[in-house]
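Student: Could you take me closely through the enclosed space inside this model, with attention to what surrounds it?

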Amino acid sequence: MRNIKKASFDFVLLCDLCVLCGSIFLAVPALADPEQWIFLPPAPLFKTLIADPREPFTGITAYGNQSRFEGAVGATFEFLRYHPPDQTQWGWGLFGDGFILLDEQGATFPMRGGDWHAGMYLSEASGPFSHRLEFEHQSSHLGDSLEGIREPFFFSRENFNYAFSFQPGEGLRLFSGLGAWYNMYPKGGVLFASLGLEAYSPFADLEGAFLRAYAAGETKWLQETGVFDNNLQMGIQLKFRKEETRDVRLALLYYNGNSMFGQFYRDHDEHWGVGVFFDP
């Protein structure tokens with residue numbers, strides 16, 4: 001009888017251990033975030049660097065000290081988002097944008113120049129840190145309004161560039177970048193680097209929409225010209241949800257450096273203006 005009781009006790013203990021181990025085994029997936037793949041997420045993982053005037057966005061700028069307008073049409077298409085169990089996020093996609101410069105000529109505003117950018121990127125984010133590696137193609141063309149006045153030249157090149165972003169909270173974002181040109185024409189120094197920040201006020205709730213003030217700035221050094229291109233902005237940002245990246249911005253801006261348009265990349269450009277921008 002004693003042996004039967006001991007065997008019964010051992011059997012019950014074994015069952016309890018099996019149930020406990022099974023419970024732990026089943027609980028582990030619940031405690032860890034599952035692996036997840038998302039196709040065509042609504043917004044890019046790496047947020048637009050709004051202080052960089054050559055990020056993909058849509059907008060128009062009216063120069064205040066010249067009779068000129070600058071237009072931009074750009075978009076980012078993130079095809080794939082990957083969430084591994086280690087709390088990081090990865091994104092892969094394509095981007096493209098076009099920039100045109102319009103100059104006053106009597107009662108019309110013909111095109112002075114146009115630049116076109118396209119490329120592919122891989123991005124990663126973890127907590128307040130995010131990274132983006134891009135391959136980018138650029139080309140530039142002289143506008144018809146300068147035909148016979150200025151001789152166009154062939155401007156085409158590609159680069160690899162890396163951007164790093166640190167956002168410790170809603171009110172501040174710091175970023176930097178580094179890149180190198182290759183297959184570059186006209187030839188020149190291949191390196192470029194940038195540094196910038198974005199600062200935001202707290203949101204004001206406007207019956208379902210969210211409004212805040214912001215200031216942003218970037219300085220970019222290009223080895224081929226040997227100068228620093230400086231861009232400053234201050235304005236307001238409107239969102240319909242705080243957490244989304246899409247927004248509308250109204251900004252007062254100032255630029256000082258060489259022209260951002262390839263056909264005039266060795267010409268000095270200093271202007272201020274008012275712009276309306278739509279970020280992806």
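Tutor: The lining of the largest cavity in this predicted model is made up of 17 nonpolar, twelve polar and twelve charged residues. The volume of this largest cavity comes to about 640 Å³, and among the 41 residues that line it, those closest to its centre are Asp52, Arg54, Gln138, Lys220 and Leu222. Several strands contribute two or more residues each to this lining, namely β5 (111-126), β6 (129-142), β7 (155-169), β8 (172-185), β9 (191-200), β11 (209-222), β12 (227-239) and β13 (247-258). Of these elements, β7 gives the most, supplying six residues to the lining of the largest cavity.

The search of the whole structure, which counts cavities of 30 Å³ or more, returns three of them, and the second largest has a volume of about 170 Å³. Its lining consists of 19 residues, and Pro53, Thr61, Glu70, Leu253 and Phe277 are the ones that lie nearest the centre of this second largest cavity. Here the elements that provide two or more lining residues are β2 (58-63), β3 (68-83), β12, β13 and β14 (268-279). The lining of the second largest cavity divides into nine nonpolar, six polar and four charged residues. Taking the two linings together, β12 and β13 each give two or more residues to the largest cavity and also two or more to the second largest cavity.

Terms used. Residues numbered from 1 in each chain as written. Predicted model: local features only at pLDDT ≥ 70, side-chain atom pairs only at ≥ 80, totals over all residues. Heavy atoms only, no water. 1 Å grid on protein atoms, 1.4 Å probe; cavity = no way out; pocket = protein on both sides within 12 Å on 5 of 7 lines; lining within 4 Å. Points joined across faces, edges and corners; volume = space filled by probe spheres on them. Helix = DSSP H or I, 4+ residues; strand = E, 2+ residues; numbered from the N terminus. Nonpolar A, V, L, I, M, F, W, Y, C, P; charged D, E, K, R; others polar.
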